[in-house]
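Open the structure in your viewer and get ready to click along. We'll start with a single residue and work outwards.

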Amino acid sequence: MAHSHLPALGSEPQGFGSQLGAMQPPAKRARTEPGWCISPSQAAELQQYGPGFLKMLVTNNTAGILIGKGGSALKDLEASTGCLVRLSPANNFYPGSGQRVVCVAGKQEAVEAVLAAVVEATMEVERHQAAKESREPEDRVLAQIALPFSACGLVIGKGGVTQKEITEQTGITVKITPQGQNTVQNERLASLQGPSRGVALAATQVFRLVQADPNMAQLETPAEGSAAQAPQAQSNWSGRWEQRSDYSPAPPAVKPMGKGAMRMPAMSAPPASAGAGLQCQIFFEVSDMEAAHIIGKGGTFLQSVCQQTNAKVQLTKRGEQVPGTENRLVTVSGLMQNVHAAHAMVVERAASTPSRRP
């Protein structure tokens, strides 16, 4: 079995920008009132959380689902994950777009749960629209993550190798706005579009990669058109999350345990209070031999894990390999606390595969 990072191979290569597709602007032009997308007071609040930070763009409809009636859904999301989640007001959009801003701060696993919730809310908008139009919903969503300039190289990799690996593993292409076409100073957008499951997985990989950049703890908060503001116009307020002195990067890569290393880091179990009532999924890869040991004779071990944790554990069939590897994909889904318990049991079982014992 293998859990490891996608390679983060240093600074952004020269000349890559012209080869990447830009984010397509929304068809309907945004109405933007003067003010901040995320206010200075909200940025100050977010700065107290961490070590994980995430800034995404969402449509007004997606924001409505995340907030819920009277803010009930947002309160539940914060309570279940332990994250702080802040959205820009209904009339304040990310410069040059019709998208509202969602900013999240908290522990890594919890932020990833919020990210999954954002993707699911985006899919829920499509379901509502499909119902209105009396058609089947299309499993296709768009996720957009705002990145500091310095973090883009971590996502792209040397010669674009990291972007390519994300695409090979998830089927999703990560497009980053070319240099010079950004609408916020020192910030670019990573856009991921495709089936919801693949987008959630690819967006999680992007999030994990950029956490190694301390500038991810900085949040631009300008109003429409502020990218063109003179530097002195921002002198009274930096307009971003300030860098945290207690910042800790994403966990180090784990040494591969089998042939065909998995490119995602393992996720440690969250506090018992985190994720109560929140659905989530974990994906990782195992070799055929490890898969057989996980399943157990007649499926006994796998059934035992599901019964003990109430999580659902699925493995792709022999021969159904993850593209570019000889590994099979394991998917653990259910309530967050159940998923992490099942994940721990499966990882321990895989590590004890007879051929792997010293």
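Which residue stands opposite Glu285 in E9? Select Glu285 and look across: the residue is Leu329. A quick note before moving on: this is a predicted model, where local features need pLDDT of at least 70, side-chain atom pairs count only at pLDDT 80 or more, and totals for chains, interfaces and linings use all residues. Residues are numbered from 1 along each chain as its sequence is written, and side-chain values use heavy atoms, with hydrogens and water left out.

Next, select strand E9, residues 328–335, together with E7. The two run antiparallel, joined by 8 bridges. (Two strands pair if DSSP finds at least two bridges between them; strands are DSSP runs of E with at least two residues, helices are runs of H or I with at least four, and both are numbered from the N terminus.)

Now add E8 to see an open, antiparallel sheet of 3 strands, ordered E7-E9-E8. E7 (279–286) and E8 (312–315) each have a single partner strand, so one side of each has no neighbour in the sheet. On average, neighbouring strands here are turned by 15° against each other, direction ignored.

Then pick helix H10, residues 336–351, which lies across E7, E8 and E9 and runs at about 145° to E9. (Axes are lines fitted to C-alpha atoms, for helices over the stretch in contact, meaning heavy atoms within 4.5 Å; angles run from 0 to 180 degrees between N-to-C directions.)

Finally, show everything: the protein has 10 helices and 9 strands. Of its 358 residues, 51% are buried, meaning under 20% relative accessible area with a 1.4 Å probe, protein chains only.

Terms used
Buried means under 20% relative accessible area, exposed over 50%, partly exposed in between (1.4 Å probe, protein chains only).
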